[in-house]
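Subject: A structure for you to look at

Hello,

Here is the structure I promised to pass on. Please have it open while you read the notes below it.

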Amino acid sequence: MNADLVVVGSGLFGLTVAERAANELGLKVAIIDRRHHIGGNAYSEKEERTGIEVHRYGAHLFHTSNERVWDYVNRFTDFTNYVHKVYTRHNGEVFPMPINLGTINQFFRSAHGPAEAKALIQEQAGELAGTDPQNLNDKGIQLIGRPLYEAFIKHYTAKQWQTSPEELPASIITRLPVRYTYDNRYFNDKYEGLPVDGYTAWLERMAEQPNIEVHLNTDFFDDSHEYSKANVVGQVPVVYTGALDRYFDYAEGDLSWRTIDLEEEVLEMEDFQGCSVMNYPDADVPFTRIHEFRHFHPERDYTKDATVIMREFSRFANKGDEPYYPVNTSVDREKLLKYRDLAAGESSVLFGGRLGTYKYLDMHMAIGAALSMVDNKIAPHFTGGNKIQSGGIDA
Ligand code: FAD
Ligand code: UDP
């Protein structure tokens, strides 16, 4: 094997580690991925008939307030000035999302100013005033009151997670801002945009380096090649970004993961829904949202004869499905502690990324964590003599 470091998984975590290890530390890096392409879930490609860029694993919006991450990603791509806005269709009516003054006034058929709206929501959230909610249900009610919670969050969350909101961590819902202005930007971050030439061009540029070898269609758990777990662990340091429970052969039980099914359709019309994402928060619609990809790039000269949409369905991941989202129930969190102990004892393997740490990471968080892993673990190992003795999933 001709590598100083093996990286399992070519998502943004693995690519960032590999790029820094090759360019900053001068290491020879082998990246393996079981898929036929690099980029993990951020991968995109042109839909064949229309040429419209589709995000194969669900819509990906880049946003960050982290200056280091923003400087880093701008080495590989420019970003458009796209600003993400989402709408949600409840009981045959369309509302702006996340919850803002526009949503509140439309829902209550009112014309409240910010202070009145706040007072109204406080009154409606009164049942949980002064508490410190630990689960999504209570946190949701505390944030926006029961009527808005039941209209826009309760069923959407149940469809998306297929787990009772009482069992889900409160942190999931605090991803969404609640605003007492008419600002309906989906994200609060300082920087936001989409890669000008598409995600795949960006991701490929990260791996374009003579010291980086990429091996696709290569599964870490398939012993027929030289980069398998059996062949590399203990030989060279490994950064593993596959599923944590899979690495240990599910020794502490299965962690629960959510996967999504995306149903793509090309429609003979210029515009289907007038926006890039429409959420469907009602219980009687089986999908959670519809993505319409042309709206991510209004600056491009896409055909006016057709448009591409994807309906997103969410379900529990079985073995063999792609694990996308850690569900993170209290039972999962107990198992995770045991997996953390196992990971700490795994010689010279570092666990990273969404799957390897069982964390709900956005792209900028995965990149930030990978840069920290290079600074704190990989660089000292190769340059300072501070060897990676045991792994761990703290990055
Ligand atoms: P991944 O992208 O999952 O990459 C892991 C890679 O490891 C995969 O390519 C996989 O094939 C490979 N792998 C796994 N097991 C093995 C094995 N045994 N052998 C070899 N290779 C293996 N983030 C945002 O910032 N904005 C968004 O809008 C956004 N939307 C998202 C929507 C969806 C549906 C999903 C699932 C995620 C979304 N994210 C978004 C998160 C974003 O995809 C992740 O933060 C980012 O991809 C993390 O990258 P990663 O490298 O940790 O994981
Ligand atoms: N959510 C909801 N209704 C919506 C949008 C989001 O209930 O219309 C909840 C849901 O529980 C979701 C969480 O808010 O998991 C975070 O939403 P986000 O859009 O950040 O989820 P993503 O799909 O990007 O992971």
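These notes cover the domains, one helix pair and one ligand site.

This is a predicted model, in which local features need pLDDT of at least 70 and side-chain atom pairs count only at pLDDT 80 or more, while totals for chains, interfaces and linings use all residues. Residues are numbered from 1 along each chain as its sequence is written, and chains are lettered from A and ligands numbered from 1 in the order in which they are written.

An automatic or database assignment splits the chain into domain 1 (5-81 + 194-254 + 326-384), domain 2 (97-175) and domain 3 (257-316). The C-alpha centres of domains 1 and 3 are 27 Å apart. In contact there (C-beta atoms, placed from the backbone, within 7 Å) are 13 residues of domain 1 and 17 of domain 3.

Now the helices (DSSP runs of H or I, at least four residues, numbered from the N terminus). The axes of α1 (residues 12-23) and α12 (residues 363-384), lines fitted to C-alpha atoms over the stretch in contact with angles from 0 to 180 degrees between N-to-C directions, come within 8 Å and cross at roughly 40°. Contact residues include Phe13 and Val17 of α1 and Ala370 and Val374 of α12.

Finally, which residues are closest to ligand 2? They are Ile153, Tyr156, Thr157, Arg175 and Asn279, among 13 that surround the ligand (C-beta atom, placed from the backbone, within 6 Å). Helix α6 (residues 146-161) gives the largest share of this shell, five residues.

Enjoy exploring!

Technical notes
Helices (H or I, at least four residues) and strands (E, at least two) are DSSP runs, numbered from the N terminus. Two residues are in contact if their C-beta atoms, placed from the backbone, lie within 7 Å.
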